[in-house]
Amino acid sequence: MPAESQVLKLEGARIVRKRQSGTTFELLVSEFFVCSGQMTCVVGESGCGKSTLLDFLALVLRPKELVSFNIKRGDEAIDIASMWSNGKDGKLAWVRRHFIGYVLQTGGLLPFLTVRENLMLPARLKGMKGQASKLESMASKMGIGSFLQAKPSTLSGGQRQRVAILRAMMHDPLIILADEPTAAVDRKRALKIIEDFRSLAARQGTAIVMVTHDQELVKDVADRWYSFKLDYPDDGIILSRCFEIGVE
Amino acid sequence: MKRIFAIVPGLALSDLRHEWILSLCLIVALASVIAPLLILMGLKNGTIKTLRKRLVEDPAFRQIRPVETREYPVEWFKNLLKDKRVGFLIPTILPAASTVSAIDAETGKSVVVDIVPTGEGDPLLDDAGINMPGKNECVLSFGASRDLHVKAGQMLKLKVSRYRKGRYEYGYQDCMVIGILPKKAGMLPVIYAPLKFVLDVEAFKEGKAVPSRGWKGSFSRPYPRFDALAVVSKIPLDPIIQNALLIESGLANIRQAGPKSIDWLPGWHPNSHKYLYLLSIPDSAVGLSSYYAVKNRLRGSGAIVFPVNHPQKLEMGQDTITAVGLSVDKKVAESLGLIPVPWGGLKKQRPAKELLQIVLPVKYKDRIQKGQEIKVRFKGQAEFVFPLSVVDFFQQDIAIIPLELSAILRTSINRKVAFDSASREFVLGDIGFRGFRLYAASIDDVEPLYNLLKSQGIPVVARIEAIQRIKALDSGLSRLLFLVAALGISGAILVLVASLYAAVERKRSELAIMRLLGFSRFDIFFFPIYQAVFLAGGACIVALWGYSAFSWLINLIFRAEMKGGEAICTLPSQILGWSIAITLVLAVSSSLVGARRTTNIDPAEAIRAE
């Protein structure tokens with residue numbers, strides 16, 4: 001993969017998290033990168049560190065150690081590692097709203113806004129204008145065009161997920177992070193959602209990082225795979241190493 | 001950043017709209033605290049305002065009246081008028097000089113009325129909506145209008161009278177009645193006229209001419225005044241006659257006295273006239289008219305009537321001479337054992353030449369010769385110097401002067417008197433102002449002005465207690481309202497704090513999603529604050545509506561007790577504005593607890609919540 005297509009690259013990350021059970025969970029990521037227009041899937045069993053990795057990638061979990069973490073916009077590299085070390089919460093929020101889209105398990109839509117308002121919110125946050133026509137056409141393509149005035153609570157699980165996917169793309173982010181986006185829908189719908197997601201991302205050149213426990217679902221669409229290897233070096237400590245499948 | 005900051009209020013409002021039932025409940029809860037407080041404030045404000053308005057509307061509550069008659073220099077008026085607390089101030093003259101007769105329009109009968117000066121801004125006239133009377137115009141009190149059967153628009157004839165040179169003289173003035181004051185302005189028969197007219201009346205009464213009104217006059221020699229009238233009789237006076245003497249003379253007191261009561265009179269030895277009565281007016285002096293009235297009444301009774309003055313002190317160089325006024329003819333002098341005096345008995349109008357005489361104590365015989373003119377000083381209202389011709393010497397250490405001169409000196413105690421050396425006449429100085437009509441600008445100014453005048457040594461009376469009662473009620477109600485408000489507002493704050501805190505807890509996942517989407521901690525911090533502002537704003541609207549409805553109802557119920565323009569429950573827009581502002585500030589303060597809580601919300605909670 002040529003280096004210039006990489007939109008996210010991190011090296012030497014050590015993330016430590018105290019779990020409610022009292023155990024310390026430590027995730028080591030020696031190298032992780034995603035490329036534009038590609039779908040990178042993070043798979044693994046429950047508790048292996050998928051969500052920890054996703055939190056870290058979403059810039060909401062501070063790493064204990066970090067060698068480098070860059071998001072590339074064209075030739076410009078945004079140094080996330082220095083933002084963490086300088087404790088610039090506002091700057092991290094700025095990166096989130098400009099370059100990252102997020103799809104949660106059950107949508108993560110704001111219940112007090114209509115579908116249209118939910119979809120437009122990231123674009124408004126980014127200060128983008130003229131997104132209304134794009135919204136109409138993309139919503140039609142994803143089959144949610146007739147629900148734009150509805151509140152999320154009136155939608156089915158599948159409809160909500162499609163709205164969430166569309167919302168994640170509305171502000172043309174460089175990366176979309178998706179956390180089990182099809183967990184709440186049946187298989188048939190899940191396949192359709194993944195397919196839509198993949199094709200939209202490819203068309204816009206957006207990099208997708210999808211966390212899922214269902215490898216079967218994404219085996220035909222994933223461009224790159226990451227998984228975790230667990231180790232228990234001591235009582236109360238779980239050590240997880242993230243690696244790229246096929247490279248290790 | 002500004003763009004995102006502007007998005008937050010819209011989201012906060014959308015959330016409130018989404019949970020509109022909860023929002024409405026909270027708005028109603030807050031409004032149910034604010035509205036009763038507004039009503040309470042309205043009742044307090046309306047009640048106090050009405051009471052104050054009634055006090056303010058009635059000028060009597062703003063009036064500060066002098067207790068005693070004294071001279072007030074023009075400068076004093078000028079200085080006091082500079083005080084912003086003074087609403088209206090005009091000088092007044094001696095009460096005795098301000099009575100005129102007004103002619104009854106129906107019967108033609110004369111009614112004695114007091115003439116009081118008025119001027120621009122007179123609260124009595126303003127309150128009644130009557131213009132300031134111009135030249136030859138006047139305003140009547142209700143009592144005067146009733147007694148005179150005169151209405152506004154009618155002409156009134158005023159008669160000013162004086163007693164001069166042994167006879168009564170009159171000045172007439174027609175004036176147009178331009179208004180009648182209401183009963184509350186006073187029931188006494190009073191005519192309000194421009195100060196100029198009042199001063200003209202006074203001048204005429206003094207004997208001066210007022211050419212502008214066609215009132216004739218001449219010099220204004222001081223009128224004679226005496227301490228008392230003495231009546232000596234061989235037989236006791238019948239009590240009925242004693243009373244008659246008072247009624248017919250304008251005197252107020254008659255008492256039988258021992259001969260020693262007037263033993264300062266040189267040679268005083270009443271012999272067979274062993275019954276002595278003294279007639280007087282408390283705190284005042286006796287005039288010639290009283291003397292003649294008593295003398296006429298006792299004509300043929302064998303009683304002798306003569307005015308008396310206490311001995312007076314005359315300064316001659318370094319010496320002080322005690323002088324007694326005595327004018328008796330030989331016959332009376334013999335009857336009463338008095339020293340006969342060269343100038344004879346009492347005269348109504350003794351020429352100046354005869355007036356300026358003195359019989360000196362014999363001790364001065366070495367220094368002063370008979371026929372010599374000496375200069376003496378007398379200190380009355382003002383000090384004045386005049387010459388006296390020495391006509392004789394007296395064996396005792398007492399000087400004797402004509403009683404008419406003594407009477408002028410007695411007058412100078414209360415009135416400014418001067419000696420005009422050119423005409424060799426005593427003249428009345430400018431009478432000056434002897435009182436004032438003072439109204440404070442507001443009822444709050446009454447007490448400070450009252451204290452100011454007291455500090456100047458001017459005894460005054462004012463309705464301070466009534467004003468203080470209102471102020472005490474105002475202050476008491478304010479404290480009570482403060483306590484009720486503090487209790488209500490504390491409750492409202494707790495409701496808001498709890499509700500907004502609970503809202504933040506309920507919406508953690510939504511707020512976490514917002515954080516994940518790119519809102520900073522700072523942006524999210526304002527989410528509950530905006531919600532508090534919207535809720536409080538909504539509560540204010542509902543409360544204002546409730547207040548308007550209830551205040552209207554309360555005012556309707558108490559309409560019968562209220563006068564035009566009065567309301568028992570009312571709030572000025574300024575207070576309403578402040579109430580809204582305070583509510584919003586309290587709401588924002590209350591929301592800070594919830595706002596602080598939002599800063600703990602981690603965007604990762606959105607992911608975990610899923």
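Let me open with chain A, where residues 24 or more positions apart account for 72% of the contacts that have a separation of 6 or more. Please keep in mind throughout that what we have on the screen is a predicted model.

Staying with chain A, its secondary structure comes to eight helices and 10 strands, and of its 248 residues, 47% are buried. To give you one residue to hold on to, look for Cys242(A), which you will find in strand S10 of chain A, the stretch covering residues 237-244. Is Cys242(A) buried or exposed? There are 24 C-beta neighbours inside 10 Å of Cys242(A), and because a residue with 20 or more of them is called buried, Cys242(A) counts as buried.

Which residues are in contact with Cys242(A), if we leave aside its neighbours within four places in sequence? They are Leu27(A), Leu28(A), Val29(A), Phe32(A), Gly49(A), Leu53(A), Tyr226(A) and Phe228(A). Take Leu27(A) from that list: in sequence it is 215 residues away from Cys242(A), and yet in space the two are 7.3 Å apart, from C-alpha to C-alpha.

Now let us move to chain B, and begin with its strands. There is a closed barrel of six strands in chain B, running in the order S3-S4-S8-S5-S7-S6, and its pairing is mixed; from one strand to the next, the twist averages 45°. As one pair from this barrel, strand S5 of chain B (residues 137-140) and strand S7 of chain B (residues 167-180) are joined in the parallel sense over four bridges, and within this pairing Leu140(B) stands opposite Ile180(B) in S7(B).

Further along chain B, I would like you to look at strand S19, residues 383-394, which runs parallel to strand S17, residues 357-361, with five bridges joining them. Strand S18 of chain B, residues 373-379, also pairs with S19(B), but in the antiparallel sense and over seven bridges, and these two strands form a hairpin with three residues between them. Which residue of S19(B) is the bridge partner of Glu373(B)? The partner is Ser389(B), and Ser389(B) in S19(B) also stands opposite Gln357(B).

Turning to the helices of chain B, helix H13 (residues 464-506) and H15(B) have axes that come within 11 Å and cross at roughly 135°. The two helices are therefore oblique to each other, and the crossing in which H13(B) passes H15(B) is right-handed. On the H13(B) side the contact is made by Leu496(B), Leu500(B), Ala503(B) and Val504(B), while H15(B) brings Pro528(B), Gln531(B) and Ala532(B). Sorted by class, this contact of H13(B) with H15(B) has six nonpolar residues, one polar residue and no charged residues.

Finally, let us see how the two chains meet. In the model, 21 residues of chain B are in contact with 26 residues of chain A. Which helices of chain B each supply at least two residues of the side that touches chain A? They are helix H1 (2-18), helix H14 (508-517), helix H15 (521-557) and helix H17 (604-609), and H1(B) gives the most, with six residues. By class, the side of chain B that touches chain A has 11 nonpolar, four polar and six charged residues. You may notice that H15(B) has come up twice, as it crosses H13(B) and also supplies residues to the side of chain B that touches chain A.

Conventions:
Residues numbered from 1 in each chain as written. Chains lettered and ligands numbered in written order. Predicted model: local features only at pLDDT ≥ 70, side-chain atom pairs only at ≥ 80, totals over all residues. Contact = placed C-beta atoms within 7 Å. Nonpolar A, V, L, I, M, F, W, Y, C, P; charged D, E, K, R; others polar. Pairing = 2+ DSSP bridges. Buried ≥ 20, exposed ≤ 12 C-beta atoms within 10 Å, placed from the backbone. Axes fitted to C-alpha atoms, helices over the stretch in contact; angles between N-to-C directions. Parallel < 35°, antiparallel > 145°, perpendicular 65-115°, else oblique. Left-handed = near helix turned anticlockwise from the far one by under 90°.
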